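Visitor: I work at the bench and would like a close look at a single part of this model. Could you pick one and walk me through it, contact by contact?

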Amino acid sequence: MFTAEEGEVFGPYEEDSFFKVAKINDVKMLPDSVKARHILIQPINNDFAGAKVKADSLANLLRKGADFDKMAREISADKNSAVNGGDLGWFGPRQMVQPFSDTCFFAKKNKIKVVLTQFGAHVVQVTEQAKRKEKFRLLLWQEKYRQVRILLIKFIPKPLNSLRMLRLQKTSLLAQKKKE
């Protein structure tokens, strides 16, 4: 089992002709997958603010007990899910566009949320969640070998430059030989 805390840094390490450094930016308990339903309000003449106002109004009606299934069938611009009362079925973290996915994976079960995407304003309700597991959000920095050599020459004090450059050259020569 992998154990790490927020703020920990790993690297630098080598992968696919890159030097990489990763930092744990966030640690959360999140589901592996969710089942959700939505109502899509498409903007008219690119008026996303207007679409959001309408979605907020629908969300308030749903929070007061309106029938989600009926509203989705009558109002949603997503006709593929509208026929199923807005049901999208089960999906994983990167199967939907990011703002929509983030809303679903961070939402509490059965809460009504509104999110804007490039498709319009969505009224979303997560109806089921898989078991929650510890998830890490990473910040990743990567540079190609050649670019890293240039950075090292510019920013590392001279006595260390030559030592590190020898190591980098040795590593890149080995990598080139492996490719041949």
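Guide: Happily! Let's start where six bridges join β5 to strand β6, residues 120-129, with the two strands running antiparallel. Before going further, please keep in mind that this is a predicted model: local features need pLDDT of at least 70, side-chain atom pairs count only at pLDDT 80 or more, and totals for chains, interfaces and linings use all residues. Residues are numbered from 1 along each chain as its sequence is written, and side-chain values use heavy atoms, with hydrogens and water left out.

A word on the names: helices (H or I, at least four residues) and strands (E, at least two) are DSSP runs, numbered from the N terminus. Two strands pair if DSSP finds at least two bridges between them.

Back at our starting point, a hairpin of two residues connects β5 to β6. Leu-116 has Ala-121 of β6 as its bridge partner, while Ile-112 stands opposite Gln-125, also in β6. Strands of a sheet pair through backbone hydrogen bonds, either parallel or antiparallel.

Now widen the view. The order β4-β3-β6-β5 describes an open sheet of four strands, with antiparallel pairing. At its edges are β4 (87-91) and β5 (112-117), each of which pairs on one side only. From one strand to the next, the twist averages 35°.

Two helices meet this sheet, where contact means heavy atoms within 4.5 Å. Helix α2, residues 68-75, packs on the sheet and touches β3 (34-41), β5 and β6; the directions of α2 and β3 make an angle of about 45°. Helix α4, residues 98-106, lies across β3, β4, β5 and β6 and runs at about 160° to β5. For such angles, axes are lines fitted to C-alpha atoms (for helices over the stretch in contact), and the angles run from 0 to 180 degrees between N-to-C directions.

α2 has a helical neighbour as well. Two packed helices are described by the angle between their axes and the distance between the axes. The axes of α1 (residues 48-63) and α2 come within 10 Å and cross at roughly 155°. That makes α1 roughly antiparallel to α2; angles under 35 degrees count as roughly parallel, over 145 as roughly antiparallel, 65 to 115 as roughly perpendicular and the rest as oblique. Where they meet, α1 offers Leu-58, Leu-61 and Leu-62, and α2 offers Phe-68, Met-71 and Ile-75.

Next, the charged side chains. A salt bridge here is a side-chain nitrogen of Lys or Arg within 4 Å of a carboxyl oxygen of Asp or Glu, and by this rule the count comes to four. One of them joins Lys-35 to Asp-87, with the closest N and O atoms 4.0 Å apart. Lys-35 lies in strand β3 and Asp-87 in strand β4, so this pair ties together parts that are 52 residues apart in sequence. Glu-128 also forms a salt bridge with Lys-35, again with closest N and O atoms 4.0 Å apart. This pair links distant parts of the chain, with Glu-128 in β6 and Lys-35 in β3, 93 residues apart. Together, Lys-35, Asp-87 and Glu-128 are linked in a network of salt bridges.

How open are the acidic partners? Buried means under 20% relative accessible area, exposed over 50%, and partly exposed in between (1.4 Å probe, protein chains only). Asp-87, at 29% relative accessibility, counts as partly exposed, and Glu-128, at 35%, counts as partly exposed too.

In helix α2, Arg-73 forms a salt bridge with Asp-69, with the closest N and O atoms 2.8 Å apart. Both lie in α2, four residues apart, about one turn of the helix. Arg-73 is partly exposed at 44%, as is Asp-69 at 28%.

Finally, the aromatic rings. Rings of Phe, Tyr and Trp (its six-membered ring) pair if their centres lie within 6.5 Å; planes under 30 degrees apart count as stacked, over 60 as edge-to-face and the rest as tilted. A search of the whole structure finds two aromatic pairs. Phe-91 and Phe-100 have ring centres 6.3 Å apart and planes at 40°, so this pair is tilted. Phe-91 and Phe-105 have ring centres 6.1 Å apart and planes at 75°, so this pair is edge-to-face. The latter links distant parts of the chain: Phe-91 in strand β4 and Phe-105 in helix α4, 14 residues apart. Phe-91 counts as buried at 3% relative accessibility, and Phe-105 is buried at 5%. Phe-100 is buried too, and Phe-91, Phe-100 and Phe-105 form one aromatic cluster.
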